[in-house]
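This report looks at side-chain contacts and an internal cavity in one protein chain. Please keep the sequence and the structure at hand while reading.

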Amino acid sequence: MSLAEQINALPAPVLKRLHDRGFDEARLVQRAATIGVERDARNRLSGRVEPPAPDDIATAPVAGTADHARCLERGLSALSRGEVALCVLAGGMATRMGGVVKALVEALPGRSFLDLRLGESAALERLVAREGAHVPLWLMTSEATERPIRDALGPRLDGERCATFEQNVSLRLTPEGALFFDEDGGPSVYATGHGDLPDALRRSGLLDRFRARGGKTVWIANLDNLGATVDPAILGWHLAHGGPITVEVVDKVGSDRGGGPVRWNGRRVITEEFRLPRGFDPSTVPVFNTNTFLVDAAALSALAMEWTYVEVEKQIGDRKAIQFERLLGEITAALEPRFLRVPREGLASRFLPVKDEAELERRRPEIEAIAKARGMLG
């Protein structure tokens, strides 16, 4: 059977499950025809790619300065008017922490990653309580993480101040372009990347309702980067420049690898390292992307762009599978970004990523110190 026939032959409940989560079979069939043939053409940026210009990267305002005071006042005012929502990326396939949903892993003894994000949310609520404002907490989940996270949230979920919404799914393929089936005989379903956020958030209705209440800024951060908390001074800096998006970046240290800011055909964008043209030297980019974004809510709502679904090879057991993913940083191809260098050391650190259990063990002292300093422990 052709791929289209294989998809159409799937049981009706499976097809409904896929379509409810944004699956587009026509696009998958189209992409399948180019597996391995046009991987570089799809995955890598074409045209002129250059390191960022020196003035492309600003530095976050330093506490105690007049600039910080101005930004802090502006940010606190926006928070007190209920103009900010925190959106945490909590999706994926729950495979990196021993098969346990990362949100529920203990980041500190007795406190999961989710607990600490809830602690941050409670600290923000205390900050704006006198004004009667709220800072909604939205979690973008996946099919693999939605139910465990909702169960853990329990009565906190009210669909507005605390809410979840699911990212998209698609089907893995074989290197030959046919459906890839799991060991149980079912089609292999996966989440298609954090680039799903704009579409999934709009689909949920949360963004429209937020804007109707006067919401202006969506603060987006990875679940596992507990340094990327809502900071009123950074918010104020973002609002002061008036652009649609701010991206937090940090200095590279040692052998750091990761996506970062470049000039693409003269325009500032964020891109992953594997998307750089062959021959481009990544060391010419001094900082990399933390995947923390402050985005104008109206611009996010109106975003219309043709996404790049990069081709990724995955090892599933002893077999190779192909999947197509999109990356959130690509929104900078449509929304002109500003890059803000933020600290990555000490109590001011805004970059504490945790990708696996070994890294979590190393970072626990830093996480505890920052959680205490920022009121995340209650």
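Is Phe351 buried or exposed? Phe351 is buried, with a relative accessible area of 9%, in what should be read throughout as a predicted model.

## Aromatic pairs

The count of aromatic pairs comes to two. In one of them, Trp138 and Phe210 meet edge-to-face, with 5.4 Å from centre to centre and 90 degrees between the planes. This pair links distant parts of the chain, since Trp138 belongs to strand E6 (residues 137-141) and Phe210 to helix H9 (residues 206-212), 72 residues apart. Trp138 is buried, at a relative accessible area of 0%, and Phe210 is likewise buried, at 1%.

The rings of Phe288 and Phe351 also form an edge-to-face pair, because their planes stand at 75 degrees, with the centres 5.3 Å apart, and an angle over 60 degrees counts as edge-to-face. Here too distant parts of the chain are linked: Phe288 lies in strand E14 (residues 287-296), whereas Phe351 lies in the loop between strand E17 (337-341) and helix H12 (357-373), 63 residues away. Phe288 counts as buried at 6% relative accessibility.

## Charges over rings

Arg31 lies over the face of Tyr309, at 3.8 Å from the ring centre. The charged end of Arg326 sits over the ring of Trp307, 5.1 Å from its centre.

## Salt bridges

Side chains of opposite charge can pair when their charged atoms come close. The model has 35 salt bridges, and among the residues involved, Asp56, Arg263, Arg267, Arg268 and Glu336 are linked in a network.

Several bridges lie within helices. In helix H7 (residues 146-153), Arg147 and Asp151 are four residues apart, about one turn of the helix, and their closest N and O atoms are 3.4 Å apart; Asp151 counts as exposed, at 52% relative accessibility. In helix H8 (residues 197-204), Asp199 and Arg202 are three residues apart and meet at 2.6 Å, N to O, with Asp199 partly exposed at 26% and Arg202 partly exposed at 25%. Glu359 and Arg363, four residues apart in helix H12 and thus separated by about one helical turn, form a salt bridge at 3.7 Å, N to O; Glu359 is buried at 13%, as is Arg363 at 14%.

## Cavity

There is one cavity of 30 Å³ or more, and the volume of the largest cavity is about 60 Å³. Its lining comprises five nonpolar, four polar and three charged residues, including Lys252, Gly258, Thr271, Glu272, Glu273, Leu276 and Val287.

Terms used:
Residues are numbered from 1 along each chain as its sequence is written. This is a predicted model: local features need pLDDT of at least 70, side-chain atom pairs count only at pLDDT 80 or more; totals for chains, interfaces and linings use all residues. Side-chain values use heavy atoms; hydrogens and water are left out. Rings of Phe, Tyr and Trp (its six-membered ring) pair if their centres lie within 6.5 Å; planes under 30 degrees apart count as stacked, over 60 as edge-to-face and the rest as tilted. Helices (H or I, at least four residues) and strands (E, at least two) are DSSP runs, numbered from the N terminus. Buried means under 20% relative accessible area, exposed over 50%, partly exposed in between (1.4 Å probe, protein chains only). A charge sits over a ring if NZ of Lys or CZ of Arg is within 6 Å of the ring centre and within 35 degrees of the ring normal. On a 1 Å grid over the protein atoms alone, a cavity is a set of points where a 1.4 Å probe fits but cannot get out, and a pocket is an open set with protein on both sides within 12 Å along at least five of seven lines; lining residues have an atom within 4 Å of a point. Grid points are joined across faces, edges and corners, and a volume is the space filled by probe spheres set on the points. Ala, Val, Leu, Ile, Met, Phe, Trp, Tyr, Cys and Pro count as nonpolar, Asp, Glu, Lys and Arg as charged, and the others, Gly among them, as polar. A salt bridge is a side-chain nitrogen of Lys or Arg within 4 Å of a carboxyl oxygen of Asp or Glu.
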